Amino acid sequence: MLSSVFLPSLTTPAQLRRISSTLRPSAMPRVDADLKLDFKDVLFRPKRSSLKSRSEVDLQRTFTFRNSKQTYSGIPVIAANMDTTGTFEMAQVLSKHTLFTAIHKHYSLEEWKTFAANHPECLEHVAASSGSGKADLDKLCSILEAIPLIKYICLDVANGYSEHFVEFVRTVREKFPNHTIMAGNVVTGEMVEELILTGADIIKVGIGPGSVCTTRIKTGVGYPQLSAVIECADSAHGLKGHIISDGGCSCPGDVAKAFGAGADFVMLGGMLAGHDQCAGDIIEKNGTKFKLFYGMSSDTAMKKYVGGVAEYRASEGRTVQVPYKGDVENTIRDILGGLRSTCTYVGAAKLKELSRRTTFIRVTQQSTCV
């Protein structure tokens with residue numbers, strides 16, 4: 001018991017927790033009582049600014065990646081590699097704004113070749129996605145060998161903590177030493193560090209925050225996204241690595257909060273769903289138009305690609321009908337306009353400066369994103 005141990009200069013709860021954890025038998029569960037926050041729990045504190053207009057804000061970032069040594073320039077917002085949002089049509093529009101698209105893994109090699117031949121200007125701002133199976137790797141290799149202008153790889157699994165995934169990242173790095181590798185998903189600093197040291201350049205951060213993800217409900221596993229980004233960015237930047245905040249953004253203010261928390265890139269799914277550039281037909285009900293949007297671990301996705309949900313697992317995604325939103329151009333302008341406004345409120349002339357100018361205020365309530 002703690003009362004029988006000499007504890008010199010024990011003055012804080014954090015110190016007490018550390019001592020307690022060393023005395024607890026290893027078989028006992030551990031509770032991390034430190035406060036963890038989500039986007040909904042904070043607002044930006046405004047600060048003095050010399051900016052006269054939102055038009056003065058520069059959203060372009062330039063990164064040189066630790067392992068690939070490749071240099072990136074653009075606005076670091078990424079369309080998620082979901083089959084409804086990570087489409088070739090989305091990439092055609094986003095690349096015009098120097099935004100990025102992680103293309104979903106279900107396109108065939110022939111479809112990739114057609115896209116590359118017709119839209120070579122887009123290849124600078126797209127990544128080829130892959131799971132961690134042998135068939136995934138074979139397909140990824142065939143795409144990258146056929147289209148050498150693709151320089152980005154997105155290795156995407158639900159659980160980035162498995163030893164198998166770490167070894168898969170190592171294998172891909174050995175096969176493609178000059179490609180920039182995005183890998184995830186994880187939510188803690190130690191795993192960010194391991195994946196970077198294994199060969200990844202950009203770590204995808206987020207378990208369960210997505211609007212059509214049910215991992216937290218089905219498994220009880222997750223991490224509040226704002227705190228995950230803050231902690232993972234700190235770990236990545238210490239190794240000259242980078243992170244993507246993946247999931248949890250439902251409005252432009254959330255995108256700004258992710259950047260303010262230290263994210264280098266922000267990946268969006270639900271905010272880009274429902275547009276002309278998204279896969280799927282328009283559904284009309286009672287005079288209102290919708291498009292389907294679903295998680296890649298949902299019943300819908302599993303039935304579409306592997307014949308259904310395997311007996312040994314549960315579906316960890318939902319299928320929803322999102323209002324039809326027309327051309328994604330309007331949504332892009334709304335997101336980038338909101339981000340520029342955030343920068344003017346805190347006095348950041350460049351997106352690069354936003355995290356240094358950020359002070360978050362904890363709140364008990366705020367306007368709901370719509």
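The paragraphs below go through three helix pairs, two backbone features and one cavity in a predicted model.

The helix pairs can be taken in order along the chain, starting with helix α2, residues 88-96, and helix α3, residues 109-118. Their axes lie 11 Å apart, and the helices pack at an angle of about 25°. Angles under 35 degrees count as roughly parallel, and α2 and α3 are therefore roughly parallel to each other. The crossing of these two helices is right-handed. On the α2 side the contact is made by Phe88, Ala91 and Gln92, which meet Glu111, Trp112 and Phe115 of α3. Sorted by class, the contact between α2 and α3 consists of four nonpolar residues, one polar residue and one charged residue.

The next pair is helix α4, residues 134-146, and helix α5, residues 163-175. The axes of α4 and α5 come within 12 Å and cross at roughly 20°. At that angle α4 and α5 are therefore also described as roughly parallel to each other. The crossing in which α4 passes α5 is right-handed. Leu137, Leu140 and Cys141 are the α4 residues in this contact, and they meet Phe168, Thr171, Val172 and Lys175 in α5. By class, the α4 contact with α5 has five nonpolar residues, together with one polar and one charged.

The third pair is formed by helix α6, residues 189-198, and helix α8, residues 225-238. Here the axes are 8 Å apart and the packing angle is about 35°. The crossing of α6 and α8 is right-handed. From α6, the residues Gly189, Val192, Glu193 and Ile196 take part, meeting Cys232, Ser235 and Ala236 from α8. The contact of α6 with α8 divides into four nonpolar, two polar and one charged residues.

Two places in the backbone can be looked at next. One is the peptide bond that runs from Gly184 to Asn185, which is cis, with omega near 20°. Asn185 belongs to strand β8, which covers residues 180-186. The other is Lys69, where phi is positive, at about 65°, although Lys69 is not a glycine. To find Lys69, look in the loop between strand β2 (61-64) and strand β3 (71-74).

The last topic is the space left between the atoms. Rolling a probe the size of a water molecule over the atoms shows where empty space is left. In this structure there is one cavity of 30 Å³ or more. The volume of the largest cavity is about 40 Å³. Which residues line the largest cavity? Its lining is made up of Val77, Leu94, Leu99, Leu272, Ile332, Ile335 and Leu336. Helix α11, residues 328-346, gives the most to this lining, with three residues. By class, the lining of the largest cavity has seven nonpolar residues, with no polar and no charged ones. One of the lining residues, Leu94, falls within the residue range 88-96 of helix α2, the helix with which this account began.

Note on methods. Residues are numbered from 1 along each chain as its sequence is written. This is a predicted model: local features need pLDDT of at least 70, side-chain atom pairs count only at pLDDT 80 or more; totals for chains, interfaces and linings use all residues. Side-chain values use heavy atoms; hydrogens and water are left out. On a 1 Å grid over the protein atoms alone, a cavity is a set of points where a 1.4 Å probe fits but cannot get out, and a pocket is an open set with protein on both sides within 12 Å along at least five of seven lines; lining residues have an atom within 4 Å of a point. Grid points are joined across faces, edges and corners, and a volume is the space filled by probe spheres set on the points. Helices (H or I, at least four residues) and strands (E, at least two) are DSSP runs, numbered from the N terminus. Ala, Val, Leu, Ile, Met, Phe, Trp, Tyr, Cys and Pro count as nonpolar, Asp, Glu, Lys and Arg as charged, and the others, Gly among them, as polar. Axes are lines fitted to C-alpha atoms, for helices over the stretch in contact, and angles run from 0 to 180 degrees between N-to-C directions. Angles under 35 degrees count as roughly parallel, over 145 as roughly antiparallel, 65 to 115 as roughly perpendicular and the rest as oblique. A crossing is left-handed if the near helix is turned anticlockwise from the far one by less than a right angle, and right-handed if clockwise. Contact means heavy atoms within 4.5 Å.
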